[in-house]
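Q: I'd like a close look at one part of this model, followed by a walk outwards to see what surrounds it in the rest of the protein. Please spell out the cut-offs as you go.

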Amino acid sequence: APKYDFARFEAKWRARWEEQKLYQVDLQQAQRPYYNLMMFPYPSAEGLHVGNFYSYVGSDVHGRLMAMQGHDVFEPMGFDAFGIHSENFAIKRGIHPRILTAHNVEHFREQQLKRMGNRFDWLHEVNTTDPAYYRWTQWIFVQLFKGGLAERKAAPVNWCPKDKTVLADEQVINGRCERCDSVVERRWLEQWFLKLASYAPRLLDNLDNLDWTERVKSIQRNWIGRSEGLEFQMEIAGKAGTFVEVYTTRPDTIFGMTFVALAPHHALVAEITAPAYQDSVRAYQETVNSLRTRQEQTMTGAFTGAYAIHPFSGEHIPIWIADFVLEGYGAGAIMGVPAHDERDLAFARQEQLPVRVVVQSSAEQVIDAGTMTEAFTQPGVLVNSGVYTGMSSAQARAAICEWFEGRQLGKRSVKYRLRDWLISRQRYWGPPIPIIYCPEHGAVPVPEDQLPVLLPDVEQWMPTGTGVSPLAAIESFVNTTCPVCGQPARRETDVSDNFLDSAWYYLRYPSSADQNHAWDPEMTRRWLPVDMCIGGADHSVLHLMYVRFIAMALHDLGLLEFSEPFRRFRANGMITRDGAKISKSRGNMINPDHYVKHLGADAFRMYLMFMGPYEADGDFSDRGIGGVVRFLDRTWQLVLQHSQSTAARQSLTRDARRMLHVTIKRVTEDMQAFKYNTAIATLMEYLNALVRKAHTTDQEIETLLVLLAPIAPFITEELWEQTGHASSIHIASWPTYDPEAIQQETLWLPIQVDGRVRDRIEVPADTPEAAIKQQAISTTRIQNFIANRSIQNIIYVAGRLINVVTR
Ligand code: ANZ
């Protein structure tokens, strides 16, 4: 037989599949719709990276399995082509983003996505930069605006000095820009927000009922950040009737309060700051332009010269402003309890504020407040706490909350960390936010029949750094008339966040050709929610939170019947190199095209799936890739030799039949559980077993090919054809195993000791005699009977009984 040479047939099958429309489901007629979604890529200039490849191949294996199990699988693909990443590439190359993006999309689709062997349905491709798509992104914004879920407000925002735009909280990682790693600054700007924060309770509660990867759910829970605490007021000393309100999750530590801290720009600052401190406070406020994110806060602050009155002791507590207190969270002010909170302790040590221990693990133990280097953050027993001394933290917390509530000086409250979603971007490459500002009527949405607001095709598209989008410089774009009164008005010039584009793309695929609706109601009822979405866990708090929020909001607006977009979500593992993230800056890129070109798509697919459990992170090295190529080659040889032999129709021996069914069972179960690596290992064992046999049967060969088809779609299709099948292997049905065939026959053998039955054992029928005898004298009961004797002889009456003769 000729050697396995993928180059001879991979292209041929790609063309044929396309011609036969093999992967196009009839969306109207499908009887068992199964929507298999993967996260569409940013078409960057570098091409698909190995992480995309890994994610998509694993998702495709799932889709292929579902299809062979009888589902009508819809597996669409598209391009998330607006946004800062695409625009930044354009800046780097000095090419207009429209031109570069179109070029990249073409490259991604033709050179990469089509070659990887996925069963994509290209008829339903979407591209977020297409006016026929972003018309509806803008339409969604208008619906949200009309429903009161989009709001313009001045707010301190995360400003990336390099990308010259604001960022959402979710895009700031450890105080740095998610994309370019620059330290993020803070600016006050008028911005559009979507009311994500008000959805926090539902976004959190629904997680309990979602079949999603646990890891992703727990990241979302943390990000939503629910906490239960007490909000209470303290009067300002010398300013009767002026109160400062703080939020605490540890009311039991109130006697340990040694300072109060306000967010640097808290509204009370101007009012309470003592004259002698006004200059230093103002100077401090001006230096604070770093980050409101919770992950990384510096420890700086300034004293206001004002004091709050402790509600229980009446003591005067100094009020500071400090940048570790967040503007938008809780009351924007805290009671500082250094002995029991790490950040407060760090601040107290730095500013030489007192530390007072009020909770200990037991009443006797004494922690030295003067020398403690770590806060005692556990609940415990109260000390030095007035009438609450001796109570447990839980008791004290209830009693203190009641005290405040009784006097109407405070109330228990639940807080969520989740903020509103800032969607304005002072950039060019995105859908213009469809709003018109009229001096008379304020912010008016662009009428729906005038959508899309086209992104003007201009030469000056580079970010300006002035806090406004390049669109602001284009008179013909900016100047318009008010849709309400027809008087001169101005357009909004910011574009919307790229994550808004991807927050609804899955709704568009089935309805991609619909000119009249963003999504066709009938089609949507049939195909949605998505049955399975697979993608990286790195999107847990960005895309995956936004996509849930938008579905919920659209549901509330009566535009969608469901409120959770994905019935199931699985996070594929992250591919690393020597434990580090793969990135261009680290110089550890892996070029998937290289492997596809030299070893074929099948080998690369199989190798990626063989590296480890699909959902686990893992290091990439191509050390083992030769083994996979050899496996494909041996499969090739075996199948072609078989097709020339004559024993093909022989029936299977009992052992061969057992092995066949065990293989079907294992491969099916492992594939369903995304343990592609062990499914492949089982196929490798099976191939070895078949190679060792004198003859193989058609059934064995067909089963091997069918089980391998989701992983290696090209070679299996080619061999399927060469072994005389007229229709595609990819529409063959997945085999089921026969539970009886995999049962090993067993024997129940009584064990006698000196002629009397003392125990029984179960052994596989083909167990050798020596092993049976050994097992017979090893059971606990038999061991007891022979404990003080010595064995003279063991007699095995084949298939009947064992007799242990003692002396
Ligand atoms: C006193 C205290 C004592 C606190 C103690 C903790 C431990 P979570 O669970 O994240 O909601 N806090 C409140 N508002 C804040 C703000 N705007 N910026 C920064 N920190 C703020 O955290 C709630 C706790 O975080 C609150 O409870 C408060 O510190 C702080 F032993 O109050 B705690």
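A: Let's begin with strand 34 (residues 791-797) and strand 35 (residues 801-806), which run antiparallel and are joined by six bridges. Strands here are DSSP runs of E with at least two residues, helices are runs of H or I with at least four, and both are numbered from the N terminus. Two strands pair if DSSP finds at least two bridges between them. The model is a predicted one, in which local features need pLDDT of at least 70 and side-chain atom pairs count only at pLDDT 80 or more, while totals for chains, interfaces and linings use all residues. Residue numbers start from 1 along each chain as its sequence is written.

One bridge to look for links Ile791 to Thr806, its partner in strand 35. The two strands make a hairpin with three residues between them, and in that turn Gly799 has a positive phi of about 75°. How many of the seven residues of strand 34 are buried? The count is zero, so strand 34 is hardly covered; buried means 20 or more other C-beta atoms (placed from the backbone) within 10 Å of the residue's own, exposed means 12 or fewer, and partly exposed lies in between. In a regular strand the side chains alternate between the two faces of the sheet.

Now zoom out to the whole protein. Of its 807 residues, 44% count as buried. The protein has 26 helices and 35 strands, and its C-alpha trace spans about 105 × 85 × 45 Å along the principal axes. Among contacts between residues at least 6 apart in sequence, 70% join residues at least 24 apart; a contact needs C-beta atoms, placed from the backbone, within 7 Å of each other.

The domain assignment gives domain 1 (6-128 + 503-592), domain 2 (138-222 + 420-499), domain 3 (226-415) and domain 4 (744-806). These bounds come from an automatic or database assignment. Taken over C-alpha atoms, the centres of domain 1 and domain 2 are separated by 24 Å. Their contact takes 34 residues from domain 1 and 35 from domain 2. On the side of domain 1 that touches domain 2, at least two residues each come from helix 3 (84-93), helix 4 (97-113), helix 16 and strand 28 (568-572). Helix 16 gives the largest share of that side, with eight residues.

Helix 16 turns up again in the largest nonpolar core, which has 156 residues. A nonpolar core is a set of buried Ala, Val, Leu, Ile, Met, Phe, Trp, Tyr and Cys residues joined through C-beta atoms within 7 Å. Helix 16 (residues 543-556) supplies ten residues, the largest share of this core. At least three core residues are drawn from each of domain 1 and domain 2. Those with the most contacts inside the core are Phe549, Ile550, Met606, Met609, Tyr676 and Leu705. Met606, leaving aside neighbours within four places in sequence, touches Val628, Ile680, Ile711 and Ala712. Apart from this core lies another, of 53 residues, among them Leu262, Val281, Val288 and Ala302.

Two open sheets are worth setting beside the hairpin. One has five strands in the order 2-1-27-28-10 with parallel pairing, and its edges, strand 2 (72-74) and strand 10 (211-212), each pair on one side only. Within it, strand 1 (residues 33-38) pairs with strand 2 over three bridges, and Tyr35 has Phe74 as its bridge partner. The other sheet is antiparallel, with four strands in the order 6-5-9-20. Its edges are strand 6 (165-167) and strand 20 (421-422). Ten bridges join strand 5 (residues 150-160) to strand 9 (residues 185-194), including the one between Pro156 and Trp188.

Last stop, the ligand: which residues are closest to it? They are Ser227, Thr248, Arg250, Gly330 and His340, out of 18 that surround the ligand, where near means a backbone-placed C-beta atom within 6 Å. Strand 12 (239-248) and strand 16 (333-336) are the elements that give two or more residues to this shell.

Note on methods
Two residues are in contact if their C-beta atoms, placed from the backbone, lie within 7 Å.
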